[in-house]
Amino acid sequence: MKRVLLFSLLVLFAFTAHSYPPPDSCLKTFDVPEDSTFSNPDDVRVDSCKESSTYTEFYGKRFFTANFNYNIIPRTGVFPEDSVVEYTLSEIDTIYTQAISDFQALETEFGNFRFREKFPNFPDTSNLWTRSFLIHFDEYVNIDTVEKRLDLFSCVEYSGFIGWFAVTSNIETEDQNLSIYPNPAKEEINISYDKMINSIEILDLNGKEILSNKDLAPQMEQSIKIDYLNAG
């Protein structure tokens with residue numbers, strides 16, 4: 001009986017060790033469709049090992065975004081728009097004990113990460129707007145699992161991964177720091193822009209308009225329900 005139990009434990013341990021995270025050799029850069037309009041600039045990877053419990057699931061490390069219900073990290077100032085201003089877990093205000101506990105658990109499970117100011121050129125937003133950070137992990141993490149963890153945090157209003165595949169075009173456009181998350185999405189997408197948004201159109205893969213909101217109240221962030229739309 002002892003031999004059987006020991007064998008079972010070894011099998012369980014071997015499976016668990018392989019399931020998350022998978023070995024580096026399992027994570028392959030996702031091959032985007034053979035179409036020049038798609039690119040994978042942030043090197044999103046996919047678990048390619050069929051024996052893995054996360055087979056075909058996606059991995060990334062830059063960037064997740066999170067909007068907070070309160071200002072967990074005191075601002076150190078206002079900086080030029082293109083500044084990189086980062087914080088570590090240790091810089092969370094000590095009065096927010098639950099937030100500290102939640103992010104310590106996140107670090108234990110997925111490794112080191114940094115908070116980055118999403119809008120370093122904005123003044124203190126603790127009273128006017130929700131504070132927003134980008135979260136950058138040092139190593140590749142399971143995108144879906146991290147999003148689910150962040151959604152459980154009481155300090156997080158909403159979160160998502162913004163390093164998904166980009167659609168390129170030969171049409172000249174302004175560089176306006178647009179982000180859309182989560183992507184892919186099933187129920188709702190959040191759109192964040194560095195200017196006011198008052199019109200949104202969604203097209204299918206054939207270029208047909210399937211949703212149009214052209215009279216939105218001007219805001220820098222908008223949420224759109226898409227749970228009734230077909231895939232594609």
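Two strands count as paired if DSSP finds at least two bridges between them. Keep that in mind as you look at this predicted model, where we will visit a sheet, a serine in a loop and a helix.

**The sheet**
- Strand 3 and strand 4 meet that rule, pairing in the antiparallel sense over 2 bridges.
- One residue to find here is R45, whose bridge partner in strand 4 is Y59.
- Zooming out, 4 strands make an open sheet with antiparallel pairing, in the order 1-3-4-9.
- Strand 1 (27–29) and strand 9 (141–142) are at the edges with a single partner strand each, so one side of each has no neighbour in the sheet.

**A serine in a loop**
- Follow the chain from strand 3 (45–47) towards strand 4 (58–60), and you will meet S52 in the loop between them.
- S52 has a relative accessibility of 6%; because buried means under 20%, S52 counts as buried.
- The side chain of S52 also makes a polar contact with the side chain of D47, at 2.6 Å.

**Helix 2**
- Helix 2 (residues 97–110) has 14 residues, which should span 20 Å at 1.5 Å a residue, and the 20 Å between its end C-alpha atoms agrees.
- Its buried residues are A99, I100, D102, F103, L106 and F110.
- These residues cover an arc of only 165° around the axis, which means they sit on the same side of helix 2.
- Turned away from that buried side is a face carrying the exposed residues T97 and T108.
- Among the elements covering the buried residues of helix 2 are strand 5 (64–68), strand 9 and helix 3 (143–151).
- Just after helix 2 comes G111, with a positive phi of about 95°.

Technical notes: Residues are numbered from 1 along each chain as its sequence is written. This is a predicted model: local features need pLDDT of at least 70, side-chain atom pairs count only at pLDDT 80 or more; totals for chains, interfaces and linings use all residues. Side-chain values use heavy atoms; hydrogens and water are left out. Buried means under 20% relative accessible area, exposed over 50%, partly exposed in between (1.4 Å probe, protein chains only). A polar contact is a pair of N or O atoms within 3.5 Å; within protein, one must be able to donate a hydrogen and the other to accept it, and residues adjacent in sequence count only if both atoms are side-chain atoms. The expected span of a helix is 1.5 Å times one less than its number of residues. The arc is that of the directions from the helix axis to the C-beta atoms. Contact means heavy atoms within 4.5 Å.
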